[in-house]
Amino acid sequence: MPLVRRKKPAETEKNSGSESESNTNQRVKPEKEIEEETIDKKNGRVKENIRKKKKRKKKKRQWSCVDSCYWLIGLVCTVWWVVVLLYNAMPSSLPQYVTEKITGPMPDPPGLKLKKEGLVAKHPVVFVPGIVTGGLELWEGHQCAEGLFRKRLWGGTFGELYKRPLCWVEHISLDNETGLDPPGIRIRPVTGLVAADYFAPGYFVWAVLIANLASIGYEEKNMYMAAYDWRISFQNTEVRDQTLSRIKSNIESMVATSGEKAVILPHSMGVLYFLHFMKWVEEPAPMGGGGGPDWCSRHIKAVMNIGGPFLGVPKAVSGLFSAEAKDIAVARAIAPGFLDSDLFRFQTLQHVMRMSRSWDSTMSMIPKGGDTIWGDLDWSPEEGYVTSKRRKRDNDTQSESHSATGNPGPQTKSVKYGRIISFGKDVAEAPLSEIERIDFLDAIKGNNVANNTCHDVWTEYHDMGIEGIRAVAEHKVYTAGSVLDLLNFVAPKMMARGSTHFSYGIADNLDDPKYKHYKYWSNPLETRLPNAPDMEIYSMYGVGLPTERSYVYKLSPTAECNIPFQIDTSADSEDEDGCLKDGVYHVDGDETVPVLSAGFMCAKGWRGKTRFNPSGSRTYVREYDHSPPANLLEGRGTQSGAHVDIMGNFALIEDIIRVAAGATGEDLGGDRVYSDIFKWSEKINLQL
């Protein structure tokens, strides 16, 4: 039997005490720990849940234009204003000092150079601005325009465009029926030299030329800015604002004061506007100004047209057809649907189209002369043009220009520039015999479902229907002649207004009484120059820049409210030297006006005594070969040939100052030609 040791009473008592103590400790400790652990676990779970929720939100958060675009726009605007502020704050000599340190001494500005030669102000000078470059201010508006009385809505900072875009569009647009002010709105041109000296802060138009003229003694008493509302038709500027009468009286006053005839400087669309004026001032009232047939001969020494679209521009067609030009088309391709979308209830292209189609002046620049001037489906004056071939400088006579400015060398494919609009690159290049066309004029129009979903952004495309849109595309190709039928089909209300103010044909008999109507006065092919044999006509424009001539189009993707046609930016030439880029065929020009339009009338149409120039006013072609600025410090350059930047071209400014100081075209050296304008003009079979 095993032995069992008995515990002593004290030991038993001691052990039992320790057991009870440990038991007590075991009971208390878990309660505290449980409480603390519970709190920690709860806090941990809350933190974990918060972390997970944030993670999920980050995953679910999508790109928001409100968060991103507004910040980007704000950043761009802030940087722009800071740069402008710093530029205006710096000493005026600093940019020139820095430039000279980098590139060497800069040549004297033309005004200073000619002042040193002894030239002084002689003939009064009149500036005639072009489309969009003149400021417009508010005289009466709707409630949304409260506080903007006599503030610029066009030009300057364009601040109201950013603050209240829909209100701005409403006020800058014209009435779609009358082409004049909508009810309750009056916008009028800014007056004085400030009307078009700068288009926006830092972006000069006439400012550089004005400053150089001032160097030889000109001031406001012998310089006049013939500001007008460039949105409305030319004759309506007289009906509504008496602008033509004010131009007439100002010229008469300056000529009477100085004793010298005036030198007129129209730019861009201002060239067409002043062409209209010269006919208006001769005609008897009430349609004309009653100045008599010799008014121009008595008051005008020279008309120096700068970048003049005498025969229109293909760019006007694309603008009216799809609210596009080359740059807009590229932006539309980079961000598909962005310009078409209802972003913040602001459908950008639709508003641009509705607004620009209400401006009758845009129709003055539709190509004139039809297929005779611009070419047909298989021919154009510029065929064989090679974009990469540099011109040879030529200061000699017209006959020498013919041989010296040729662009020899065959082209791999003959570009058919006469096809101003082609639906598809294959159509633009195909032989005529391979193109199957369907007449679109008999297509049945119908309402588009977009009418119910496009809010207030109505364009005439919404009245065409699917069948009408498809018929336009299936016709496939349009020339300068058929483009008029196209625009009449897609925008009948716009063209009905325009047809009362503008014409685009070639006169058979200028003695026909119908040509006394003002609708013909801005078309040089349907009117005569004034009876002013001593008056000189200059055509001054830039060359050496790719300029829009014809377009490759496609149907837009089906979407509500979309403009149904767009330039096909995927269409490019197969070779590097090709004329097709981003859906646009290019020729020589100033980026806006092709050489053919700017130079033909002075090179051939008015050269010598012709039926368009019966008194034989002398004409001169002065071209300015584009040379980009050597560095950023040169700004927009002093040798630019671009459509607006040419206003700062030193060679052009020098030519103008010399004529204003008394020189003639012969004193300047006659024609100066870099392009093929004389060669192309000879290809045009026009009765003279």
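**Close-up 1. The start and end of helix α22 in this predicted model.** At the start of α22, N649 lends a side-chain oxygen that comes to within 2.9 Å of the backbone nitrogen of A651. The helix itself, residues 650-660, is mostly covered, with nine of its 11 residues buried. Hydrophobic and acidic names both appear on that buried list: F650, L652, I653, E654, D655, I656, I657, V659 and A660. Just after α22 comes G662, where phi is positive at about 125°.

**Close-up 2. Helix α9 and its buried side.** Here is a helix whose length you can check by hand: at 1.5 Å a residue, the 16 residues of α9 (residues 243-258) should span 22 Å, and the end C-alpha atoms are indeed 22 Å apart. Which residues of α9 are buried? They are T243, L244, I247, K248, I251, M254 and V255. These residues cover an arc of only 145° around the axis, so they sit on the same side of α9. A256 and T257, on the other side of α9, are exposed. If you look for what covers the buried residues, you will find strands β1 (125-128), β7 (223-225) and β8 (262-266) included, along with helices α8 (234-241), α10 (269-282) and α11 (295-299). Just after α9, G259 has a positive phi of about 75°.

**Close-up 3. An edge-to-face tryptophan pair.** The structure holds 26 aromatic pairs. One of them joins W154 and W359 edge-to-face, with 6.0 Å from centre to centre and 90° between the planes. The two partners come from distant parts of the chain, 205 residues apart: W154 belongs to strand β3 (residues 152-154), while W359 is in the loop between α14 (348-356) and α15 (370-374). With the buried class set at under 20% relative accessible area, W154 counts as buried because its value is 10%. W359 counts as buried too, at 6%.

**Close-up 4. A phenylalanine pair between two strands.** F423 and F565 also meet edge-to-face, 5.7 Å centre to centre and with 70° between the planes. F423 lies in strand β12 (residues 421-423) and F565 in strand β16 (residues 565-567), so this pair ties together parts of the chain that are 142 residues apart in sequence. Are these two rings' residues buried or exposed? F423 is buried at 10% relative accessibility, and F565 is buried at 0%.

**Close-up 5. An aromatic cluster and the arginine at Y203.** Ring pairs link W154, F158, W168, F199, Y203, W230 and W359 into a cluster. At Y203, the charged end of R636 sits over the ring, 3.8 Å from its centre. Over which other ring does the charged end of R636 sit? That ring belongs to F204, and the distance to its centre is 3.8 Å.

**Close-up 6. The surroundings of H501.** H501 is found in the loop between α20 (492-499) and β14 (536-543). At 10% relative accessibility, this histidine counts as buried. What does the side chain of H501 contact? A polar contact of 3.1 Å joins it to the side chain of S233, and another, of 3.5 Å, joins it to the side chain of T500. Leaving aside residues up to four places away in sequence, H501 touches S233, Q235, N236, D360, Y518 and K519.

Notes. Residues numbered from 1 in each chain as written. Predicted model: local features only at pLDDT ≥ 70, side-chain atom pairs only at ≥ 80, totals over all residues. Heavy atoms only, no water. Phe/Tyr/Trp six-rings, centres within 6.5 Å; stacked < 30°, edge-to-face > 60°. Helix = DSSP H or I, 4+ residues; strand = E, 2+ residues; numbered from the N terminus. Buried < 20%, exposed > 50% of the residue type's maximum accessible area, 1.4 Å probe, protein only. Lys NZ or Arg CZ within 6 Å of the ring centre and 35° of its normal. Polar contact = N/O pair within 3.5 Å; in protein donor to acceptor, adjacent residues only side chain to side chain. Contact = heavy atoms within 4.5 Å. Expected span 1.5 Å × (residues − 1). Arc of directions from axis to C-beta.
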